[in-house]
Each structure stands twice: as structure tokens, then as C-alpha cells.
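This report describes selected features of the structure shown below. The topics are a helix contact, a ligand shell, a strand residue and two loop residues.

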Amino acid sequence: MKERLLEKFAEVYGESQGAEYFFAPGRVNLIGEHTDYNGGHVFPCALTIGTYALARKNSTGMMNFYSENFPQRGVVSVPAENFVYESGDGWTNYPKGVMWVFEQKGYHITSGLDILYFGNIPNGSGLSSSASIEVVTAVILKEIFGFDVDMVQVSLFTQMAENQFNGVNCGIMDQFSIAMGKKDHAIFLDTADLSYTYAPLKLENAKIVIACSNKKRGLADSKYNERRCQCEKALAELKTVVNINNLGDLTEEQFEEVKDTISDPVNRQRAKHAVYENQRTIRAVEALKANDIALFGKLMNESHVSLRDDYEVTGIELDTLVEAAWEQPGVIGSRMTGAGFGGCTVSIVEDSAVEAFTEEVGKKYLEKIGYAADFYVVSIGDGARKLD
Ligand code: ADP
Ligand code: MG
């Protein structure tokens, strides 16, 4: 990979002398969906697919961006100061946003850079290619300018870039898991206080299979914001009767006792998902630690049902993929992953059943939806870092 990217870098920027090499993964969330902005738990892992970058200082005072994924845009250049969002600058608003945050936080960027990116995560599918390009950019800045920030700060800075510069109101899960990932481990993260532990996930005789629905995102962002809003409203009403900071502070029993305080039945349903999903995530991690992968899979399935019926973020495409997966032999668990309304599902499938899984689920999806899904058998890798 590096050799090829160095050649490309030389083609784009004249020569590749002095270019340093970086990587940030994509991520998949195994369970704990729509809990990260509700002060609940999530259980994501970093993947071995992600965003590669080559970068070096230049002497022109310009920040130059090129992506092999968007070659038609060529090199986009902006002055290496006063980073501003320009819709016409397309994808470069993601790395620019990260630079803006570093400047805001007092880390002064003292030189222009030539940067080349290449990502092998499908864009816009819920594997968080946006967080991946943000985090790899933060690692570039940290390493090339010697900024003294740790990887938790990197995750917070890049989340701020996505929220405030790009206007996407995401929680902390994506950037955190991409910055902090660990090979063969998933991260059990409490989003209320960012405490976390790593849980080993070396699946014996099984694989993690991601099915990408290829559904265009459409209204995803507005519906995401609507769900956030509904949870906030439910929380505000609950706070009049219980002393909590987040929906994630409640057990199922506590929620059942006070739920009628939430006046709007739809908001009540949304809050129910947030509370139950958080508790389900805690139980799923316990199951995994006890080596009870079957229970882990069952909880994944329950997570999907809750996202489908109470949170209503699945849609026909994701439901078709998951319901077809549930019908397959050798499937330990299957659910939608990411924000929903399109994007991907994640399934744990026994080794011997993977081939039939992709074939059968793929066939049923094509028949019902009219276009094909893509399948990825993925491995869990380390978080963002400089490569040799
Ligand atoms: P997701 O994060 O689920 O993949 P998003 O819509 O949030 O979907 O982010 C996708 C966007 O991130 C792309 O349209 C592009 O603007 C940017 N992006 C991600 N990876 C790259 C890359 N390798 N090169 C350039 N831009 C990228
Ligand atoms: Mg994204």
C-alpha cells in the first residue's frame, strides 16, 4: 500500500521525499446504539480497514489536500490559518475542521502541509469514514507539529470538528473508538464520563460480517437530530421526578416506574430504547466476559428489535438484511449498526456458515430491495497511529 501511495504522492505533489505515513481505522459498533448521546454505554471496535494518509510540511504556507477517493476534485488548497467551512470545498471540510479545532485549542499550526488520503472504508455507510479521516488528520498534526495531546483528547477534538465545523451532531463513540481501538478487542465505553475498558474479542470459529445496504442516506441526518431532540425532551420531563443526568443513569425497573412522566408516547418509546439498550449493552459485555457468545448474539438481536420498534431507525433495507440473517444457520447474532436509516448491519457468523450467509442474505436482499448489498468479513485492528 505505502509504495503505491508514495508514487501517487509524487505524482500529485512533485516528489515524495520526507512524507510520513499514517492510518486511522473505521469502526463498527457491536451493541449500544443511539446510547452515546444519552450518557449510556457503547461497545464498538476499530477495524483493519480505514484511512491511510501521507503528509509532509511544505514551505508555501498552504494546506494542500488530495484524496484518491475524490480524484476529480484534484488538490484543494487553503491558507494554513483561519480555517473556514466552505461548502464548495467538499470533503476537505473534514480535515479542515480538525485543523480549526487545534487552532481553537491553542495548538498553533506553523506550516503548510501536503497531504494525500486514501480510504478503503465504504463512504457514508455507517462505518464512520468521516471520523476516520478526521482522526488520521489529528494524528498527522500531533506527530508533525509535536502537539502534546493524548488520544482521548484527539477523540474529543475530532468530535468537536465534526459537531461544530461540519454541523454533524454525533456523539463521542466514533472518534473515540477510532482513536483508542485495540487489536482483537472491543471497547466498553461509558459515554457519561469516558471511562472505558477493553474486552477481548478473539472469536473462535466465527467472523464479524458487515453487510452494507447501499441505501442512500437521504434524511438520515435530520432524523438523527430528531431522535436526539426526543430523548432530550423525555429526559427533561424525567428530571422533574428523578435525580438523573442522562437516560443512561436509569435501570429498566426505574424507567418503568417513572416513564408515565414523559407526556408524549413517542418520546417515551425513544427513551425506553435508550434505557433498555444501555442495560442490554452492559449485560452483553458481561456475557462476553463469561464466554457466553450465544447470549451476546441474542442481545444483539434484541437490540435490533428495539431499534426497529421503539427507536424506529431501521427501515426496510436494514430489516431485510437482519431478518434474512436471522433465518440463516450459524448466525450467532445480527443487528443494524451505526445511526440507521440505511448504512450497515453487523452479524457474528460461524466460520463454516459465512459463505452461505453472504450468498443467501445477498440473494434475499436483491430480490426484495432491487439492488445488491455488499459484504465485508472484517477483523478488529488497532486505533489510529503513525505507520513506518
Ligand atoms: P460515514 O462516516 O458513515 O462513512 P459520512 O457521510 O459521515 O459517512 O462521511 C462520509 C464523508 O467523509 C465523505 O463523503 C467524505 O466527505 C469524507 N471522507 C471519508 N473518507 C474520505 C477519504 N478517504 N477521502 C476524502 N474524504 C473522505
Ligand atoms: Mg460519519
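## Contact between α3 and α5

In this predicted model, residues A131, S132, E134 and V135 of α3 meet D174, Q175, I178 and A179 of α5. Sorted by class, the α3–α5 contact comprises 4 nonpolar, 2 polar and 2 charged residues.

Helix α5 covers residues 173–180, and its axis lies 9 Å from that of α3, at an angle of about 50 degrees. The two helices are therefore oblique to each other. The crossing of α3 and α5 is right-handed.

## Shell around ligand 1

Helix α3 also takes part in the surroundings of ligand 1, where 17 residues are found. Those that come nearest are S67, W91, G119, S129 and S130. Two elements, β6 (113–119) and α3 (129–145), give two or more residues each to this shell. The largest contribution is that of α3, with 3 residues.

How do the residues of the shell around ligand 1 divide into nonpolar, polar and charged? There are 11 polar and 6 nonpolar residues, and no charged ones.

## A206 in strand β9

Strand β9 runs over residues 206–212 and includes A206. Is A206 buried or exposed? A206 has 20 other C-beta atoms within 10 Å, and 20 or more is the criterion for burial, so A206 is buried.

Beyond the neighbours within four places in sequence, A206 is in contact with I332, I348, V349, E350 and D351. A further pairing across the sequence is that of A206 with S347: the two are 141 residues apart in the chain, while their C-alpha atoms are 10.0 Å apart in space.

## Positive phi in two loops

Most residues other than glycine have a negative phi. N291 departs from this, with a positive phi of about 65 degrees although it is not a glycine. N291 sits in the loop that links α8 (265–289) to α9 (293–309). Because N291 has 10 C-beta neighbours inside 10 Å, and the limit for an exposed residue is 12 or fewer, N291 counts as exposed.

E312, likewise not a glycine, has a positive phi of about 50 degrees. The loop that holds E312 lies between α9 and α10 (315–327). Which exposure class does E312 fall into, with 16 C-beta neighbours inside 10 Å? That count lies between the limits of 12 for exposed and 20 for buried, so E312 is partly exposed.

How values were computed: Residues numbered from 1 in each chain as written. Chains lettered and ligands numbered in written order. Predicted model: local features only at pLDDT ≥ 70, side-chain atom pairs only at ≥ 80, totals over all residues. Near = placed C-beta within 6 Å. Helix = DSSP H or I, 4+ residues; strand = E, 2+ residues; numbered from the N terminus. Nonpolar A, V, L, I, M, F, W, Y, C, P; charged D, E, K, R; others polar. Contact = placed C-beta atoms within 7 Å. Axes fitted to C-alpha atoms, helices over the stretch in contact; angles between N-to-C directions. Parallel < 35°, antiparallel > 145°, perpendicular 65-115°, else oblique. Left-handed = near helix turned anticlockwise from the far one by under 90°.
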